[in-house]
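Here is a short report on one model, with a table of like items along the way. Start with the structure itself.

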Amino acid sequence: MKKLNSILCIVIMFSCGNVLNNQQNYRLENIVGKWLLTVKQVNYPSLIFSSDSTAIFNSMGDTVYRYKFYIDKTELVLRDINGKTTKDKILKVDSDSLIFETLADNKTVQKYCKAHKK
């Protein structure tokens with residue numbers, strides 16, 4: 001019985017380790033392009049991520065926010081011109097959608113769709 005318990009513990013430990021190791025790690029290439037917010041909102045209705053690690057966030061108030069960015073596993077890390085850094089968790093990214101848990105000063109889920117070239 002003791003041997004069975006030991007084997008069971010080892011199997012559970014490896015299973016848990018695999019779940020942790022299978023967490024999504026996003027890369028810069030996953031978010032490069034133009035993204036449009038799926039609901040109407042003043043701040044950040046469109047985002048542009050470039051392959052040179054620059055990002056431009058627009059505002060409906062005619063404000064343009066410029067950042068340097070990188071991806072740290074499942075987080076988007078933004079650095080503004082003053083050196084202020086923010087980290088926002090990426091919940092999902094695929095070829096058509098990009099979803100953040102929060103984004104910069106927006107503290108609610110932010111859902112974007114890919115802007116396709118015409």
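The model is predicted. Begin with Thr102. This residue sits in the loop between strand 7 (97–100) and strand 8 (110–114). Its relative accessible area is 18%, so Thr102 counts as buried, the cut-off being under 20%. The side chain of Thr102 makes a polar contact of 3.1 Å with the side chain of Asp88. Leaving out residues up to four places away in sequence, Thr102 touches Asp88, Lys107 and Thr108.

**Aromatic pairs**

The count of aromatic pairs comes to six. Two of them are set out here by their geometry. A pair of aromatic rings is described by the distance of the centres and the angle of the planes.

| Ring pair | Centre distance | Plane angle | Class |
|---|---|---|---|
| Phe49 and Phe57 | 5.8 Å | 80 degrees | edge-to-face |
| Phe57 and Tyr67 | 5.0 Å | 55 degrees | tilted |

Why is the pair of Phe49 and Phe57 edge-to-face? The planes of Phe49 and Phe57 stand at 80 degrees, and over 60 counts as edge-to-face. The planes of Phe57 and Tyr67 stand at 55 degrees, so that pair is tilted. Phe57 belongs to strand 3 (residues 54–59) and Tyr67 to strand 4 (residues 64–72), so their pair ties together parts that are 10 residues apart in sequence.

Are these rings buried or exposed? Phe49 and Phe57 are both buried. Tyr67 is buried as well. Phe49, Phe57 and Tyr67 also belong to one aromatic cluster, together with Tyr44, Tyr65 and Phe69.

**Nonpolar core**

In soluble globular proteins, nonpolar side chains tend to be buried together. Here, the largest nonpolar core has 22 residues. Which residues have the most contacts inside it? They are Phe49 and Leu76. The elements that give two or more residues to this core include helix 2 (28–31), strand 1 (33–37), strand 2 (43–49) and strand 3. Strand 4, strand 5 (75–79), strand 6 (85–93) and strand 7 do so too.

Phe49 therefore appears in both the cluster and the core, on the listings for each. Its contacts, leaving aside neighbours within four places in sequence, include Ile31, Val32, Gly33 and Trp35. Thr54, Ala55 and Phe57 are also in contact with Phe49. So are Phe69, Leu76, Leu98 and Phe100.

**Positive phi**

Tyr44 has a phi near 60 degrees, a positive value in a residue other than glycine. Tyr44 lies in strand 2. Its relative accessible area is 0%, and Tyr44 is buried.

Lys73 is not a glycine either, yet its phi is positive, at about 55 degrees. Lys73 is found in the loop between strand 4 and strand 5. At 54% relative accessibility, Lys73 is exposed, because the cut-off is over 50%.

**Salt bridges**

How many salt bridges does the structure hold? There are two. One joins Arg27 and Glu29, whose closest N and O atoms are 2.9 Å apart. Arg27 and Glu29 are both exposed.

The other salt bridge joins Asp94 and Lys92, with the closest N and O atoms 3.5 Å apart. Asp94 is partly exposed, at 32% relative accessibility. Lys92 is partly exposed too, at 37%.

Terms used
Residues numbered from 1 in each chain as written. Predicted model: local features only at pLDDT ≥ 70, side-chain atom pairs only at ≥ 80, totals over all residues. Heavy atoms only, no water. Helix = DSSP H or I, 4+ residues; strand = E, 2+ residues; numbered from the N terminus. Buried < 20%, exposed > 50% of the residue type's maximum accessible area, 1.4 Å probe, protein only. Polar contact = N/O pair within 3.5 Å; in protein donor to acceptor, adjacent residues only side chain to side chain. Contact = heavy atoms within 4.5 Å. Phe/Tyr/Trp six-rings, centres within 6.5 Å; stacked < 30°, edge-to-face > 60°. Core = buried A, V, L, I, M, F, W, Y, C linked by side-chain atoms within 4.5 Å. Salt bridge = Lys/Arg side-chain N within 4 Å of Asp/Glu carboxyl O.
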